[in-house]
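Me: Could you take a close look at the contact between the two chains for me? I'd like to know what it is built from, and then what empty space there is elsewhere in the model.

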Amino acid sequence: METLSNLAFGLEVALSWQNILYCFIGCFLGTLVGVLPGIGPVATVAMLLPFTFGLGPAPALIMLAGIYYGAQYGGSTTAILVNIPGESSSVVTTLDGHQMARRGRAGPALGIAAIGSFIAGCIATLLIAYFAPPLAELALKFSPAEYFSLMVFGLIAAVVLARGSLIKAIAMVCFGILLGLIGTDVNSGAIRFAFGQVELADGLGFVALAMAFFGITDVVLNLEHKEAQQVFTSRIGSVLPTLADLRACFWSIARGTALGSLLGVLPGGGALLASFAAYMVEKKIAKPPRAFGEGDIRGVAAPESANNAGAQTSFIPMLTLGIPSNPTMALMIGALMIQGIAPGPQVMTERPELFWGLIASMWIGNLMLLVLNLPLVGVWIKLLAVPYRLLFPAIFVFCCIGAYAVDNKIFDVYALAALSALGYVLLKLDCEPAPMVLGFILGPMMEENLRRAMMISFGDPTVLITRPISAGFLLAALALLLAIALPALRARREEAMQE
Amino acid sequence: MRIRSPRDFWAGLIFVAIGGGFVLLAHQYRLGDMHRMGPAMFPTLVGALLVALGVILALRSLVRDGAPVPSFHARPIIMSLLAIALFAIALQWLGLVAAIAVLVLVGANAARDVRQLDNLALAAVMIVFSVAVFVWLLGLPLPLWPIS
């Protein structure tokens, strides 16, 4: 049982008092910020990134992971009590969760969300422990051509599964790649696209980019259409679900976990897709189905389990392949690079304490969240009373300090302002920032792998389609594109026919 | 010629400009060939793809209907950007304490409903918190006061 001994090793790392402390701080801060409406997990992780700068790689990653699933948890509390999703992955939780709250069953709704998430988190952690090592081993055998095609596939899949226009999303990926190429070219030493700015020699700051697109622009857009929010915090009562609730939810949690774990691994998947899919499936499968949308507890249990499972398993491609499946994972990779660790399959063998410590800490973190959320829910609700006008300047402060503190460069703060302006215009034009951030992280890696692949093949680009695994990835990417493009084409043709 | 989908049209133009800009800038670096790709090769390829996508978007916006560009509100974005830029200037010359004060006091004006007294209190809280956590607890090398 190699997995078990690995997990035991990981527990040893994760259970050192300081790692427990950082895990706790991460979960705590994550929940705290996650509860606040209008600040999603990406912004939360980006904003809290500076808290990890002074730490070593393992504690930093453990804390960031804690922040991530803490934010996930906190989001559902807001969804149930205020009917405003704390972040997009808890949108479906508002459907039945808020109805339950209106009927005086806010407590059990919160309780089942926490319990479902805990169970899902535990199972997903085990899945990572079992599936990550063989995947990393496989990835180590990939040649540059395969790696390049894998990244193309990853980006296309992420784009296809995201919402919005496909062409814009691919364009944003390209834009992200180009921004990622700014700075010193590792092969030739040429400093590219720096406009003579010495500060740009190390490239555009990733933290500044993430904060601009997910922190500052979000605040600005929130300020533009400000809606009065009605907090629903009358009485929560006991958070413990009844035995009947638990029995009703058992299979919902199981199904949510299974679906969430699966979707979390997919590029572009993760928590958001998982929770939507789980709710849809639950509505179709669960018997009797009529209560959905009117406060059915299974309508909370399934998506909450699924989004936590998905959040957890989205670590698999990040840890084993070095490929982020969503913006949050892109931030994690960014954090790894700030710590001086090159992401990729070698992390597991070269830094086992980092890898297994992180996985084991997820277990501990999930337990902490259960403890943090159930008894303390009253405290979190108080946060909802803080008006946004006091909140957003605080977000500015964290973003600015964070952008500066990565490299102690004033330049990065100016970059933050410039990128915020750019992000604002792009968002107004309906261009999603998520694909761009993925492109930014993957751009330099793609260039490097393409270069090596071409070097080995003596400049013959067909190597990308003559190697079977590489061809498989590219075919899969093409199939995904066609699957999206064809129905659109068909629909347009029908439109034309009707005219 | 009528623009039917302004959002797509402008997004397309921006992409053409950015992609074209990168392709042009890449000219000053060595292109190389496919076997030995120079520093200009990959940016040129990706930039060209971006231009192509932008052109498709812009052309498509002439035949396909789409939503109008939503209105821009000057106050939130301008105040936010101004606050961040002032933070950068203040941090360089006056140190963190003054920088946070400026950031909060100017930044808070991005909202419609501004209460200066609350903002003063908020600035004080943020200064104390940031200095305590970032500088003392985490030991980030941030200058607290003006460099003498």
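Reply: Three salt bridges link chain A and chain B in this predicted model. In one of them, A:R389 pairs with B:D118, and their closest N and O atoms lie 2.9 Å apart. Polar contacts between the chains come to 13 residue pairs, counting those with both residues at pLDDT 80 or more.

On the chain A side, the elements that each supply at least two touching residues are α8, β2 (191-192), α9, α17 (388-405), α18 (410-428) and α19. Of these, α17(A) gives the most, with 12 residues. By class, the side of chain A that touches chain B holds 49 nonpolar residues, seven polar ones and 11 charged ones.

Now to the extent of the contact. Chain A brings 67 residues to it and chain B brings 68 residues. Between them the two chains bury about 6,000 Å², with 80% of that area on carbon and sulfur atoms. The chain A residues that lose the most area to chain B are A:L178, A:F193 and A:R389, which together account for 11% of what that side buries. So that you can place the figure: the size of an interface is often given as the accessible area lost when the parts come together. A:R389 therefore deserves a second glance, being both a salt-bridge partner of B:D118 and among the residues of chain A that lose the most area.

Next, the empty space. The second largest pocket holds about 1,100 Å³. Its lining has 44 residues, and the closest to the pocket centre are A:M337, A:P343, A:I441, A:P444 and A:M445. In chain A, α7 (144-161), α8 (166-181), β1 (183-184), α9 (206-224), α14 (327-338) and α19 (433-456) each give two or more residues to this lining. The top contributor is α19(A), with eight residues. Sorted by class, the lining has 23 nonpolar, 12 polar and nine charged residues. You may like to follow α8, α9 and α19 of chain A on screen: they help line this pocket, and they also supply residues to the side that touches chain B.

Enclosed space is there as well, as four cavities of 30 Å³ or more. The largest cavity holds about 80 Å³. Ten residues line that cavity, and A:T77, A:L110, A:A113, A:A114 and A:N373 are the closest to its centre. Two or more lining residues come from each of α4 (57-82), α6 (106-140) and α16 (352-383) of chain A. Seven of the lining residues are nonpolar and three are polar, while no charged residue takes part.

Key
Residues are numbered from 1 along each chain as its sequence is written. Chains are lettered from A and ligands numbered from 1 in the order in which they are written. This is a predicted model: local features need pLDDT of at least 70, side-chain atom pairs count only at pLDDT 80 or more; totals for chains, interfaces and linings use all residues. Side-chain values use heavy atoms; hydrogens and water are left out. On a 1 Å grid over the protein atoms alone, a cavity is a set of points where a 1.4 Å probe fits but cannot get out, and a pocket is an open set with protein on both sides within 12 Å along at least five of seven lines; lining residues have an atom within 4 Å of a point. Grid points are joined across faces, edges and corners, and a volume is the space filled by probe spheres set on the points. Helices (H or I, at least four residues) and strands (E, at least two) are DSSP runs, numbered from the N terminus. Ala, Val, Leu, Ile, Met, Phe, Trp, Tyr, Cys and Pro count as nonpolar, Asp, Glu, Lys and Arg as charged, and the others, Gly among them, as polar. Contact means heavy atoms within 4.5 Å. Buried area is the accessible area (1.4 Å probe) that two parts lose on being put together, summed over both. A salt bridge is a side-chain nitrogen of Lys or Arg within 4 Å of a carboxyl oxygen of Asp or Glu. A polar contact is a pair of N or O atoms within 3.5 Å; within protein, one must be able to donate a hydrogen and the other to accept it, and residues adjacent in sequence count only if both atoms are side-chain atoms.
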